[in-house]
Amino acid sequence: MSTSNLDIYMPILILLIFGVVLVSATLLIGKLIRPNNPSPVKNQPYECGEDPIGSAWSVFNMRFYVTGLIFIIFDVESALMFPVVGVFKDLNDIGMGGLVFMELFLFLLILAAGLAYCWRKGDLDWVKTYHTEKGQE
Amino acid sequence: MNQTVVSYLLQFEPIKKLVLSLSNLLGFNAISIVSFLIFLIVILIVVGFLATVGGLGTYAERKISADMQARIGPNRVGPYGILQFLADGAKMLLKEDIIPTQSDKFLFYVAPMLCIVGVFGTIAVIPFSSGFTILNFNVGLVYLIGISSLVGLGVFLGGYGSNSKWSMLGGMRGASQIISYEIPVVLSSLSIVLLSGGLSFSALIGAQGGWPHEWFIFHNPFTFIGFFILFIGSLAETNRAPFDLPEAESELVSGYHTEFSGMRFGFFALAEYIEVFVVCGLATALFLGGYNVPMHLGGDGLIGQVLQVGSFVSKTFLLYYIVIVTRWTLPRLRVDQLMTMCWKYLIPIAMFNLIMVGLWMWLFDGRSLFTLLFKSASVASGAGH
């Protein structure tokens with residue numbers, strides 16, 4: 001007697017549905033007992049008591065683009081490394097640890113080179129400074 | 001490979017008999033129905049426990065901070081004010097729900113839900129004990145890291161959907177911080193996967209022992225550093241001080257949840273406090289021996305399970321306490337300092353650590369520092385005689 005294959009995903013499904021139901025049900029129950037007196041002033045976005053100037057959805061330089069790109073590279077890299085480190089112990093037991101280690105080392109070395117390049121270019125700084133050549137303004 | 005709390009419970013005769021009699025009664029195999037019911041009950045217990053932990057977390061936070069600042073803290077509701085979190089919950093439920101007219105309504109609705117769903121999803125793989133794990137997934141670690149990123153999405157969408165400048169800044173900071181600090185967390189947990197040779201929490205914890213010298217934190221010098229990298233990264237991923245920039249109350253009003261009132265704010269807070277428990281549990285499972293009990297005390301029976309739960313939960317609460325004390329000790333970082341710390345310190349150190357742990361594994365065949373020391377000590381004493 002054992003649980004079938006799909007049964008193991010049941011708790012995940014139950015938990016996700018439970019989260020959605022908990023939030024919606026609590027808000028629905030709250031709707032019955034909480035006051036509701038909206039006014040135009042109350043429904044403004046908060047800007048320290050002033051009338052808000054313009055929308056918040058404006059052009060906004062966050063240095064987010066480069067951070068996001070570097071993150072994606074590292075995220076893919078860690079996703080690729082999970083299987084490698086997962087079998088490291090098994091392969092080490094049969095005497096192939098050196099091979100896997102060299103692969104891991106080379107892979108991380110390339111990544112470290114990429115990180116060093118970004119670092120040198122100043123892409124890791126939150127406020128990017130453009131270094132001027134000596135003698136120029 | 002995949003074990004669940006149901007497959008653990010099915011070892012016992014009464015539940016087997018129940019399944020058999022139900023199957024006879026209904027005329028088909030009732031295992032799915034029974035496992036559904038068991039899952040539902042266990043999930044209700046665990047969610048109830050974690051919601052209480054989240055609620056008491058807010059109370060503990062206020063009480064500990066009061067203690068550190070020579071105040072009294074909440075002391076009116078219940079003995080020593082311990083029921084304060086219930087009063088807060090009732091208050092939030094009764095508060096008016098204000099949705100700004102200019103906001104994106106759909107994102108505004110969906111953001112707290114994403115936070116709660118992301119945190120609840122991680123509950124499935126928390127290893128309370130060897131039997132009492134809701135789902136011992138064979139890719140448990142990957143699943144936990146993956147689904148907990150939903151919280152980052154909730155933080156960002158909450159900030160973006162409010163259409164308020166404070167929220168926008170908080171949400172942007174939250175998104176960049178959460179994705180950046182995910183990398184050191186993943187890299188330092190990779191080194192533990194390397195040592196234990198499995199991605200399920202039973203494999204990760206089974207490779208450790210009950211005594212502190214068998215834990216992965218003291219396995220070698222590099223895992224010792226790795227623990228602190230994971231812990232710092234977890235603090236940043238849960239937006240805890242000193243990394244609470246997304247909700248920095250002294251500069252951004254309340255950050256990404258400025259516009260959220262009443263119960264919606266309550267869900268953000270609940271998700272945060274449960275997530276702190278989850279990441280402390282992750283650090284416990286990976287580095288502090290998880291649910292292992294010294295000398296395998298209590299055996300495999302019910303008493304052993306209870307002791308295992310106690311071992312896991314007490315270590316996790318110790319880390320929880322450290323998280324709270326950290327919040328009231330360290331000042332908040334600046335955004336550029338935060339990014340510098342992640343990309344220029346933690347990630348290079350974590351990469352170096354991973355390589356060195358791999359080297360250690362290869363050279364010493366995965367033996368821990370203490371094993372090597374004991375061995376060399378016994379060899380030396382043997383030579384002396």
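A nonpolar core is a set of buried Ala, Val, Leu, Ile, Met, Phe, Trp, Tyr and Cys residues joined through C-beta atoms within 7 Å, where buried means that 20 or more other C-beta atoms, placed from the backbone, lie within 10 Å of the residue's own. This is a predicted model, in which local features need pLDDT of at least 70 and side-chain atom pairs count only at pLDDT 80 or more, while totals for chains, interfaces and linings use all residues. Residues are numbered from 1 along each chain as its sequence is written, and chains are lettered from A in the order in which they are written.

The largest nonpolar core has 134 residues, and those with the most contacts inside it are Cys115(B), Ile116(B), Ala271(B), Ala283(B) and Leu286(B). Helix 11 of chain B (residues 262–287; helices are DSSP runs of H or I, at least four residues, numbered from the N terminus) gives the most to this core, with 18 residues.

Cys115(B) also belongs to the contact that helix 5 of chain B makes with helix 7 of chain B. The axes of these helices, lines fitted to C-alpha atoms over the stretch in contact, come within 8 Å and cross at roughly 165°, on a scale from 0 to 180 degrees between N-to-C directions. Helix 5 and helix 7 of chain B are therefore roughly antiparallel, the term for angles over 145 degrees.

Between the chains, 60 residues of chain A are in contact (C-beta atoms, placed from the backbone, within 7 Å) with 75 residues of chain B. The largest share of chain A's side, 15 residues, comes from helix 1 of chain A.

Notes:
Two residues are in contact if their C-beta atoms, placed from the backbone, lie within 7 Å. Helices (H or I, at least four residues) and strands (E, at least two) are DSSP runs, numbered from the N terminus. Angles under 35 degrees count as roughly parallel, over 145 as roughly antiparallel, 65 to 115 as roughly perpendicular and the rest as oblique. A residue is buried if 20 or more other C-beta atoms lie within 10 Å of its own, exposed if 12 or fewer, and partly exposed in between; C-beta atoms are placed from the backbone.
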